[in-house]
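Got your viewer open? Here's a short walk through a few helices, with what to select at each stop.

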Amino acid sequence: MEARITLLVDGTPRTLTVDTRTTVLDALRNLLGVTSPKKGCDHGQCGACTVLLDGRRANSCLTLAVAHEGADIVTAEGLAGGTPDGGLHPVQRAFLEQDAFQCGYCTPGQICSAAGIIEEAAAGHPSTATEDLQAEGGIELSDAEIRERMSGNLCRCGAYVNIVAAVRQAAEAAAARRGGVPDPAEPAVEDSPTAESMPSHVEERS
(Lines give C-alpha, C1' and ligand atoms only; values in the text may rest on other atoms or scores of the structure.)
Protein backbone atom coordinates (compact mmCIF):
# COMPACT_ATOMS: atom_id res chain seq x y z
CA MET A 1 0.00 0.00 0.00
CA GLU A 2 1.24 3.48 -0.82
CA ALA A 3 0.52 6.89 0.65
CA ARG A 4 1.29 10.43 -0.43
CA ILE A 5 2.85 12.55 2.29
CA THR A 6 4.56 15.90 2.71
CA LEU A 7 7.60 16.40 4.92
CA LEU A 8 9.40 19.62 5.74
CA VAL A 9 13.01 18.56 5.16
CA ASP A 10 15.71 21.06 6.10
CA GLY A 11 13.23 23.89 5.65
CA THR A 12 11.89 22.75 2.26
CA PRO A 13 8.47 21.08 1.81
CA ARG A 14 8.92 17.75 0.01
CA THR A 15 5.93 15.76 -1.24
CA LEU A 16 6.43 12.11 -2.10
CA THR A 17 4.63 8.82 -2.48
CA VAL A 18 5.90 6.10 -0.17
CA ASP A 19 5.17 2.49 0.58
CA THR A 20 3.61 2.49 4.03
CA ARG A 21 6.52 0.36 5.25
CA THR A 22 9.13 2.96 4.24
CA THR A 23 11.16 4.39 7.10
CA VAL A 24 12.02 8.06 7.42
CA LEU A 25 15.66 7.13 6.74
CA ASP A 26 14.86 5.34 3.47
CA ALA A 27 12.51 8.13 2.40
CA LEU A 28 15.24 10.71 2.98
CA ARG A 29 18.07 8.80 1.32
CA ASN A 30 16.39 6.80 -1.43
CA LEU A 31 13.49 9.02 -2.42
CA LEU A 32 14.63 12.55 -1.61
CA GLY A 33 18.40 12.26 -2.08
CA VAL A 34 19.19 13.58 1.41
CA THR A 35 22.23 11.47 2.22
CA SER A 36 23.67 12.99 5.39
CA PRO A 37 21.74 10.56 7.67
CA LYS A 38 23.58 7.27 7.30
CA LYS A 39 22.33 3.69 7.43
CA GLY A 40 24.52 1.86 9.90
CA CYS A 41 22.91 -0.98 11.82
CA ASP A 42 19.32 -0.34 10.62
CA HIS A 43 18.17 -1.44 14.09
CA GLY A 44 18.36 1.84 16.02
CA GLN A 45 21.52 0.82 17.87
CA CYS A 46 24.29 2.92 16.28
CA GLY A 47 22.79 6.41 15.89
CA ALA A 48 24.24 7.06 12.43
CA CYS A 49 20.74 7.85 11.15
CA THR A 50 19.89 10.40 13.85
CA VAL A 51 17.89 13.43 12.71
CA LEU A 52 15.89 16.09 14.52
CA LEU A 53 12.23 15.19 14.14
CA ASP A 54 9.93 18.05 15.18
CA GLY A 55 12.80 19.35 17.28
CA ARG A 56 13.64 16.09 19.05
CA ARG A 57 16.41 13.72 18.07
CA ALA A 58 15.23 10.44 16.62
CA ASN A 59 16.58 7.31 14.98
CA SER A 60 15.16 7.71 11.50
CA CYS A 61 15.61 4.00 10.71
CA LEU A 62 13.02 3.06 13.33
CA THR A 63 10.14 5.34 12.42
CA LEU A 64 7.79 5.08 9.47
CA ALA A 65 7.49 8.03 7.12
CA VAL A 66 3.68 7.78 6.94
CA ALA A 67 3.50 8.31 10.70
CA HIS A 68 5.04 11.76 10.31
CA GLU A 69 2.91 13.55 7.74
CA GLY A 70 3.80 17.25 7.90
CA ALA A 71 6.74 16.67 10.26
CA ASP A 72 9.68 19.06 10.42
CA ILE A 73 12.85 17.04 9.80
CA VAL A 74 16.28 18.60 10.19
CA THR A 75 19.42 16.76 9.12
CA ALA A 76 23.05 17.79 9.51
CA GLU A 77 22.73 19.55 6.16
CA GLY A 78 19.81 21.60 7.45
CA LEU A 79 21.68 22.57 10.60
CA ALA A 80 24.37 24.12 8.43
CA GLY A 81 21.91 26.40 6.66
CA GLY A 82 19.79 27.18 9.68
CA THR A 83 22.05 29.78 11.32
CA PRO A 84 21.33 33.50 10.99
CA ASP A 85 24.44 34.08 8.88
CA GLY A 86 23.96 30.94 6.82
CA GLY A 87 27.25 29.49 8.08
CA LEU A 88 28.04 26.38 10.05
CA HIS A 89 25.98 25.48 13.08
CA PRO A 90 27.91 25.95 16.36
CA VAL A 91 27.95 22.17 16.86
CA GLN A 92 29.48 21.68 13.42
CA ARG A 93 32.07 24.36 14.13
CA ALA A 94 32.92 22.66 17.42
CA PHE A 95 33.36 19.28 15.72
CA LEU A 96 35.79 20.86 13.26
CA GLU A 97 37.73 22.78 15.89
CA GLN A 98 37.98 19.78 18.24
CA ASP A 99 38.79 17.32 15.44
CA ALA A 100 35.87 15.21 16.62
CA PHE A 101 35.72 12.75 13.73
CA GLN A 102 37.86 10.41 11.72
CA CYS A 103 36.13 8.57 8.87
CA GLY A 104 33.08 10.86 9.24
CA TYR A 105 30.43 8.20 8.64
CA CYS A 106 28.78 8.65 12.03
CA THR A 107 29.39 12.41 12.18
CA PRO A 108 26.05 13.68 10.78
CA GLY A 109 24.19 11.61 13.36
CA GLN A 110 26.57 12.67 16.12
CA ILE A 111 26.04 16.33 15.20
CA CYS A 112 22.24 16.07 15.15
CA SER A 113 22.26 14.20 18.45
CA ALA A 114 24.58 16.79 20.01
CA ALA A 115 22.33 19.64 18.87
CA GLY A 116 19.38 17.75 20.34
CA ILE A 117 20.91 17.08 23.74
CA ILE A 118 21.97 20.71 24.15
CA GLU A 119 18.34 21.76 23.75
CA GLU A 120 17.12 18.91 25.98
CA ALA A 121 19.48 19.93 28.77
CA ALA A 122 18.57 23.61 28.41
CA ALA A 123 14.90 22.63 28.76
CA GLY A 124 15.71 20.72 31.97
CA HIS A 125 15.12 17.19 30.69
CA PRO A 126 17.17 14.88 32.97
CA SER A 127 19.20 11.82 32.05
CA THR A 128 20.31 8.90 34.20
CA ALA A 129 23.50 10.88 34.88
CA THR A 130 21.64 13.93 36.23
CA GLU A 131 22.41 14.46 39.92
CA ASP A 132 20.18 17.46 40.66
CA LEU A 133 16.71 16.59 39.42
CA GLN A 134 15.35 19.85 40.83
CA ALA A 135 17.79 22.09 38.94
CA GLU A 136 16.30 25.32 37.65
CA GLY A 137 17.26 27.05 34.45
CA GLY A 138 18.45 23.94 32.66
CA ILE A 139 20.92 21.15 33.32
CA GLU A 140 24.64 21.74 32.95
CA LEU A 141 26.16 19.39 30.42
CA SER A 142 29.06 17.92 32.35
CA ASP A 143 31.25 15.33 30.65
CA ALA A 144 29.28 12.59 32.42
CA GLU A 145 26.01 14.06 31.12
CA ILE A 146 27.39 14.30 27.60
CA ARG A 147 28.64 10.70 27.63
CA GLU A 148 25.31 9.39 28.90
CA ARG A 149 23.18 11.42 26.50
CA MET A 150 25.40 10.65 23.49
CA SER A 151 25.70 6.95 24.34
CA GLY A 152 23.29 5.99 21.56
CA ASN A 153 25.68 7.34 18.92
CA LEU A 154 28.54 4.96 18.23
CA CYS A 155 31.85 5.97 16.67
CA ARG A 156 33.65 2.93 15.34
CA CYS A 157 36.83 4.99 14.91
CA GLY A 158 36.86 5.77 18.64
CA ALA A 159 36.88 9.58 18.49
CA TYR A 160 34.89 9.79 21.72
CA VAL A 161 37.28 12.03 23.66
CA ASN A 162 37.14 14.72 21.00
CA ILE A 163 33.40 14.26 20.51
CA VAL A 164 32.83 14.99 24.20
CA ALA A 165 35.07 18.05 23.92
CA ALA A 166 33.14 19.27 20.86
CA VAL A 167 29.75 18.86 22.53
CA ARG A 168 31.07 20.62 25.65
CA GLN A 169 32.30 23.53 23.52
CA ALA A 170 28.99 23.81 21.66
CA ALA A 171 27.02 23.60 24.91
CA GLU A 172 29.11 26.38 26.46
CA ALA A 173 28.58 28.51 23.35
CA ALA A 174 24.82 27.89 23.53
CA ALA A 175 24.78 28.87 27.21
CA ALA A 176 26.70 32.05 26.38
CA ARG A 177 24.19 32.93 23.65
CA ARG A 178 21.31 32.44 26.06
CA GLY A 179 23.13 34.84 28.37
CA GLY A 180 23.43 37.43 25.60
CA VAL A 181 27.09 36.83 24.75
CA PRO A 182 27.68 36.75 20.96
CA ASP A 183 29.50 33.87 19.30
CA PRO A 184 33.15 34.45 18.45
CA ALA A 185 33.98 35.01 14.81
CA GLU A 186 33.78 31.79 12.84
CA PRO A 187 37.29 30.47 12.17
CA ALA A 188 38.38 29.50 8.70
CA VAL A 189 38.06 25.79 8.00
CA GLU A 190 41.74 25.65 7.12
CA ASP A 191 42.51 26.26 10.79
CA SER A 192 41.09 22.82 11.56
CA PRO A 193 43.69 20.06 12.10
CA THR A 194 41.75 17.89 9.65
CA ALA A 195 41.46 20.47 6.88
CA GLU A 196 44.18 18.98 4.70
CA SER A 197 42.62 15.52 4.91
CA MET A 198 39.06 16.65 4.16
CA PRO A 199 37.85 15.58 0.70
CA SER A 200 37.07 18.39 -1.72
CA HIS A 201 34.46 16.48 -3.70
CA VAL A 202 30.73 16.65 -3.07
CA GLU A 203 29.11 13.36 -2.12
CA GLU A 204 27.35 11.80 -5.06
CA ARG A 205 23.65 11.26 -4.49
CA SER A 206 22.19 8.20 -6.06
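A quick term before we start: "buried" here means under 20% relative accessible area. Keep in mind that you're looking at a predicted model.

Start by selecting helix H6, residues 160–178. Put a distance between its end C-alpha atoms and you should get 27 Å, which agrees with the 27 Å span expected for 19 residues at 1.5 Å a residue. Now show side chains for Ile163, Val164, Ala165, Ala166, Val167, Ala170, Ala171 and Ala174: these are buried in H6. What do the buried residues of H6 pack against? Add helix H3 (90–97), helix H4 (107–122) and helix H5 (143–149) to the view, and you have the partners.

Next, pick H3. Here 7 of the 8 residues are buried, so the rest of the structure largely encloses this helix. Pro90, Val91, Gln92, Arg93, Ala94, Phe95 and Leu96 are the buried ones. The cover over them includes helix H2 (76–81), along with H4 and H6. Before leaving, click on aspartate 99, which follows H3 and has a positive phi, near 55°.

Last stop: show H4 and H6 together. Their axes sit 10 Å apart, and the helices pack at an angle of about 45°, so the two count as oblique to each other. The crossing is right-handed. To see the contact itself, select Gln110, Ala114, Ile117, Ile118 and Ala122 on H4, then Ile163, Val167, Ala170, Ala171, Ala174 and Arg178 on H6. Colour that set by residue type and you'll find 9 nonpolar, 1 polar and 1 charged.

Key. Residues are numbered from 1 along each chain as its sequence is written. This is a predicted model: local features need pLDDT of at least 70, side-chain atom pairs count only at pLDDT 80 or more; totals for chains, interfaces and linings use all residues. Side-chain values use heavy atoms; hydrogens and water are left out. Helices (H or I, at least four residues) and strands (E, at least two) are DSSP runs, numbered from the N terminus. The expected span of a helix is 1.5 Å times one less than its number of residues. Buried means under 20% relative accessible area, exposed over 50%, partly exposed in between (1.4 Å probe, protein chains only). Contact means heavy atoms within 4.5 Å. Axes are lines fitted to C-alpha atoms, for helices over the stretch in contact, and angles run from 0 to 180 degrees between N-to-C directions. Angles under 35 degrees count as roughly parallel, over 145 as roughly antiparallel, 65 to 115 as roughly perpendicular and the rest as oblique. A crossing is left-handed if the near helix is turned anticlockwise from the far one by less than a right angle, and right-handed if clockwise. Ala, Val, Leu, Ile, Met, Phe, Trp, Tyr, Cys and Pro count as nonpolar, Asp, Glu, Lys and Arg as charged, and the others, Gly among them, as polar.
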